[in-house]
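Thanks for making the time this morning. I would like to walk you through a few contacts and charged side chains, so please have the sequence and the structure open while I talk.

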Amino acid sequence: MERRQSGEERRQGLLQLIQESERPVTGTKLAKQAGVSRQVIVQDLSLLKAKGYPVVATARGYLLNDPELDASRHIRKVVCRHGIDQLKAECDAIVDEGVIIRDVIVEHPVYGFLTGELMLKSRRDVRALIEQLEETQATPLSSLTDGVHLHTLEADSEAALDAAIEALDRLGILVSELDA
């Protein structure tokens, strides 16, 4: 009879699966591979995050944010304002410059700052986000703040960030750039 895996062994296996994947891994896929429910996966990944592992939950699945990579990367925050009709154009303009959209942040009058992890790196990632919003009939966080929101942007170079910010300005949706 096969020995049942401990919770810690399962969590280490989840970390390995996520780390070895080039794309975000869905909770459903992780649950299937581990032989547990999706709810167990959510709990396991929350425990790993609480222990300091850089687990990021995105709309497309789970990934690990490499802290060593972050040290060599350039990061800026931007404030944008637009309606849902410009969401795709905004995201495409940023990723087309080789810039990663790490998150979206809104300031809610009751709850304070709310952050949604995105980690959008390509038009395919943007398309997947839009499709998920449509399939779930969810609205973007910016709908809570009349379209005003922040993004944390990450790139290999300052020039790529400059180009993405210029693209947002050309679209007429850039409000300002902030010090990260």
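**Helix packing and charged pairs**

Let me begin with two helices in what is, I should stress, a predicted model: the axes of helix H2, residues 27–34, and helix H3, residues 38–50, come within 8 Å and cross at roughly 100°. Since crossing angles from 65 to 115 degrees are classed as roughly perpendicular, H2 and H3 are therefore roughly perpendicular to each other. On the H2 side the contact is made by Gly27, Thr28, Leu30, Ala31 and Ala34, and these meet Arg38, Ile41 and Leu45 in H3. Sorted by character, the residues of this contact of H2 with H3 comprise five nonpolar, two polar and one charged.

Now to the charged side chains, where the count comes to 14 salt bridges. As a general reminder, side chains of opposite charge can pair when their charged atoms come close.

Let me take Arg11, whose side chain meets that of Glu8 in a salt bridge, at 3.7 Å from N to O. These two residues are three apart in helix H1, residues 7–20, and so Arg11 and Glu8 are separated by about one helical turn. Arg11 counts as buried because its relative accessibility is 14%, whereas Glu8, with a relative accessible area of 32%, is partly exposed. The side chain of Arg11 also meets that of Asp44 in a salt bridge, at 2.9 Å from N to O. This second pair links distant parts of the chain, with Asp44 in helix H3 and Arg11 in helix H1, 33 residues apart. Asp44, at 2% relative accessibility, counts as buried.

Another salt bridge joins the side chains of Arg123 and Asp96, at 2.6 Å from N to O. Arg123 lies in helix H6, residues 123–136, and Asp96 in the loop between H5 and strand S4, so the pair ties together parts that are 27 residues apart in sequence. Both are partly exposed, Arg123 with a relative accessible area of 42% and Asp96 at 43%. Elsewhere, salt bridges that share partners join Glu8, Arg10, Arg11, Asp44 and Lys51 into one network.

What, finally, is the nearest side chain of opposite charge to Glu90? Glu90, which lies in helix H5, residues 87–95, is buried yet has no salt bridge, and that nearest side chain, Arg81, is 12 Å away. Leaving aside neighbours within four places in sequence, Glu90 is in contact with Cys80, His82, His149, His151, Leu168, Leu171 and Ile173.

Terms used: Residues are numbered from 1 along each chain as its sequence is written. This is a predicted model: local features need pLDDT of at least 70, side-chain atom pairs count only at pLDDT 80 or more; totals for chains, interfaces and linings use all residues. Side-chain values use heavy atoms; hydrogens and water are left out. Axes are lines fitted to C-alpha atoms, for helices over the stretch in contact, and angles run from 0 to 180 degrees between N-to-C directions. Helices (H or I, at least four residues) and strands (E, at least two) are DSSP runs, numbered from the N terminus. Angles under 35 degrees count as roughly parallel, over 145 as roughly antiparallel, 65 to 115 as roughly perpendicular and the rest as oblique. Contact means heavy atoms within 4.5 Å. Ala, Val, Leu, Ile, Met, Phe, Trp, Tyr, Cys and Pro count as nonpolar, Asp, Glu, Lys and Arg as charged, and the others, Gly among them, as polar. Buried means under 20% relative accessible area, exposed over 50%, partly exposed in between (1.4 Å probe, protein chains only). Lys and Arg count as positive and Asp and Glu as negative; His and the chain ends are not counted. A salt bridge is a side-chain nitrogen of Lys or Arg within 4 Å of a carboxyl oxygen of Asp or Glu.
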